[in-house]
Each structure stands twice: as C-alpha cells, then as structure tokens.
Amino acid sequence: MSATVIDGKAFAATVREKVASHVARLKAEHDITPGLAVVLVGEDPASQVYVRSKGKQTVEVGMNSVEHKLDAATSESDLLALIDQLNADPTVHGILVQLPLPDHLNEDLVINSIAPSKDVDGFHISNVGLLGTGQQSMVPCTPLGCLMMLRDHHGSISGLDAVVIGRSNIVGKPMAQLLLGDSCTVTIAHSRTKDLAETVRRADIVVAAVGRPEMVPGDWIKPGATVIDVGINRIDAPEKGPGKTRLVGDCHYESCAAVAGAITPVPGGVGPMTIACLLANTVTACCRANDLDPPEGLTA
Ligand code: NDP
C-alpha cells in the first residue's frame, strides 16, 4: 500500500480545537457564546444518534446547544412557527433541521424557512445560489470537510483535474462548486455517465459520493491521485462472525490505496469531518452575525 492515509479523525480534532479556541475568545473578548439549535422531528434511530452526537460536540467546544425534539405527527405550521422563533432568537446563531423529515412535511419549504445566515447546513436555496456564484455563503458541512482535507494535503489544488462521482444537492453538487471555486477543472459524474472508469482515470482528485459499496476499483485511479471517499455503506462481514457487519466506502480501499497518492479511509475519513464542520459553520455564523471575522481556515 503506497498512499498517504488522510486521517479525518485527527483532522476533525484539530478543527474542533480551532473552533473551541475561537469560542473562548468570543466569550472573553466580546461576551458572546455561539449557539446551535437542532430540531429533530420523529424518532428515526439514526437521526437520534446524529442529534445526540451533534449536541455533545457542540457543548464540548464551549457553545450553547439547544435541542428541540418534536413528535413525528408535528404539523408543518407548528414546525415553521418554531423555526420562526429560532430565526428571531439572538442567542441562536445556527439552526439545523435534522433530515429526513416525516413524509407529511415539505423538506424544501422547511429548509427554506430557516434564515440563510443561520442555515449552518448550507441547504437553503439562497446559500446554494451564493455558493454557485462564488459569494460568501454557508457551505454544506460534508463537502466543506472534504475541501479542508484537500487544501491541507495539497496546499493548492488550483488547476488540478477533479472528478466528483454523485450529483446530490447535499454532497456532489456543492463539492463540485467548491472545487471549481479553488480553480480545479471539474467533472461531475453520475449514474448516466457513459464511461465512468475512463472519466475517473483522468482525475488528480476523485471524490466519490454515491452510496454503492466499493464500486470504484483501484484500476480506475490515476497513479498518485487523491481519493476522497464520502460513501458510508454497511455490508455483511461474515468473517467477523454470524450476523456481523462493517462499514465500507464507495471506493475499494486496498486496491485504490495501492495506486493513489493519498486516500481517506472509511470509517475515519470524511465522516468525522462533517460534525466538525457543523461546529465551524456555527462559529462562522456567529462571527458574521456580530460583524466579526470568522476564524481562518474554517470557511470555504
Ligand atoms: P444520493 O443517493 O443522494 O446520490 C447518489 C449519487 O450517486 C447520485 O447522483 C447518483 O446518480 C450517483 N450514482 C448512483 N449510482 C451510480 C453509478 N453506478 N455510477 C455513478 N454514479 C452513480 O447520495 P448522497 O450524495 O446523499 O450520499 C452519497 C454517499 O455519501 C452515501 O453513501 C452517504 O451515506 C454518504 N454520505 C456521507 C456523509 C459523511 O458525513 N461522510 C454525509 C452525506 C452522505 P443519479 O443522480 O444519476 O441518480
């Protein structure tokens, strides 16, 4: 195996340290404590785990965490009323509505009711437009984490050929915008791409965000390329015992690591960066709300 392993767990710890020291400065110098409100509707077990983890990490970096747990049958008007209240609350700098929402709630309507300046997930249509036109915005956490790791590893990624596999609004499209913003030549591949293998082989940077276990084999990777594996897929692991499972990415780790220059593992790569970037976005939103400079290196 030749690739440098990009350790997302360690990198996320440094992001959290930067956030914590900035939060301490905001408190000491300005008497401001950044606050993140997370809204969870219903009892989806995975969402409950994410929300708990977000709340815990928010408190650990010294910020205020407010959780609003609503019944699965909550009406759209009640949810919108809560978001209005959070939009108006000066102690809340970031608002996150945990997705997916129950079927009777219109996700687009709910997300677009969050004040864009408090939209720490970066999903509001205004933030999507601002990012697409190269203006200051709130940036979706997972692609922001990928960009931070790429900048850290390469220094500059200007002029490199990048292929993003996947075109979701949450990962693929904003990732492509961020790479373009850093002057990569960007290709977005998806399920209709004609020759995915050849497309990937041209890339200096491959970001895989598909959700198909180990679909990218090592012989698609250009020697020395950087592979950022966003995929999180749970597969059976009979070698660990009956009924056991394990997590794998969208890239076949061993064969890709044998060819790539650098690679993120799954787990322990992109995953830990996502919540760290949520914390970074919250401190950024708080600084902007108070006409202060956000911490360096934590924004796009
Ligand atoms: P989506 O299902 O929304 O999008 C998947 C994309 O992959 C689509 O654009 C789809 O193309 C494309 N695709 C599907 N099959 C193929 C194929 N055979 N060849 C090429 N492209 C294909 O997924 P998300 O973007 O939400 O998530 C992607 C992965 O990232 C998932 O594993 C998810 O769990 C993980 N994830 C990880 C996060 C983290 O914190 N690390 C955060 C968010 C997601 P088309 O549009 O044509 O259908």
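**Two sheets and the helices around them**

Helix 7 (residues 172–181) lies across strand 5, strand 6 and strand 7 (205–208), and runs at about 170° to strand 5. Contact here means heavy atoms within 4.5 Å. Axes are lines fitted to C-alpha atoms, for helices over the stretch in contact, and angles run from 0 to 180 degrees between N-to-C directions. Helices (H or I, at least four residues) and strands (E, at least two) are DSSP runs, numbered from the N terminus.

The model is predicted: local features need pLDDT of at least 70, side-chain atom pairs count only at pLDDT 80 or more, and totals for chains, interfaces and linings use all residues. Residues are numbered from 1 along each chain as its sequence is written, and side-chain values use heavy atoms, with hydrogens and water left out.

The protein divides into domain 1 (31–116) and domain 2 (141–272). These bounds come from an automatic or database domain assignment. The C-alpha centres of domain 1 and domain 2 lie 29 Å apart.

Take the sheet of three strands next. This sheet is open, its order is 3-2-4, and its pairing is parallel. Strand 3 (64–70) and strand 4 (94–97) stand at the edges. Each has a single partner strand, so one side of each is left without a neighbour in the sheet. Neighbouring strands of this sheet are turned by 15° against each other on average, direction ignored. Two strands pair if DSSP finds at least two bridges between them. Strand 2 (residues 35–41) and strand 4 run parallel and are joined by four bridges. Which residue of strand 4 is the bridge partner of Ala37? The partner is Ile95.

Two helices lie across these strands. Helix 2 (residues 45–60) lies across strand 2, strand 3 and strand 4, and runs at about 160° to strand 3. Helix 3 (residues 76–88) also lies across strand 2, strand 3 and strand 4. Helix 3 runs at about 180° to strand 2.

Helix 2 holds Lys56. This lysine counts as exposed because its relative accessibility is 56%. The classes are buried under 20% relative accessible area, exposed over 50%, and partly exposed in between (1.4 Å probe, protein chains only). Lys56 and Pro242 are 186 residues apart along the chain, and their C-alpha atoms are separated by 33 Å.

After strand 4 comes a cis peptide bond. It joins Leu99 and Pro100, with omega about 0°. Pro100 sits in the loop between strand 4 and helix 4 (107–111).

Now the sheet of six strands. It is open, with the order 1-11-8-7-5-6 and parallel pairing. Strand 1 (4–5) and strand 6 are the edge strands, and each pairs on one side only. Strand 5 (residues 161–165) is mostly covered, with four of its five residues buried. Five bridges join strand 5 to strand 6 (residues 185–189), and the two run parallel. In that pairing, Asp161 stands opposite Thr185 in strand 6. Elsewhere in the sheet, strand 8 (residues 226–229) and strand 11 (residues 262–263) run parallel, joined by two bridges. Val227 has Ile263 of strand 11 as its bridge partner.

The loop between helix 7 and strand 6 contains Ser183. Phi of Ser183 is near 65°, a positive value in a residue other than glycine. At 41% relative accessibility, Ser183 counts as partly exposed.

A second cis peptide bond runs from Val266 to Pro267, with omega near 0°. Pro267 lies in the loop between strand 11 and helix 10.

Follow the chain into helix 10 (residues 270–289). Its axis and that of helix 6 (residues 141–154) come within 8 Å and cross at roughly 105°. The two helices are therefore roughly perpendicular to each other. The angle classes are roughly parallel under 35 degrees, roughly antiparallel over 145, roughly perpendicular from 65 to 115, and oblique for the rest. Helix 6 contributes Cys141, Thr142, Leu144, Gly145, Cys146, Met148 and Met149 to the contact. Helix 10 contributes Val270, Met273, Thr274, Cys277, Leu278 and Asn281. What is the chemical make-up of these residues? Nine are nonpolar, four are polar and none is charged. Ala, Val, Leu, Ile, Met, Phe, Trp, Tyr, Cys and Pro count as nonpolar, Asp, Glu, Lys and Arg as charged, and the others, Gly among them, as polar.

Asp291 lies in the segment after helix 10. Its phi is near 55°, again a positive value in a residue other than glycine. Asp291 counts as exposed, at 77% relative accessibility.
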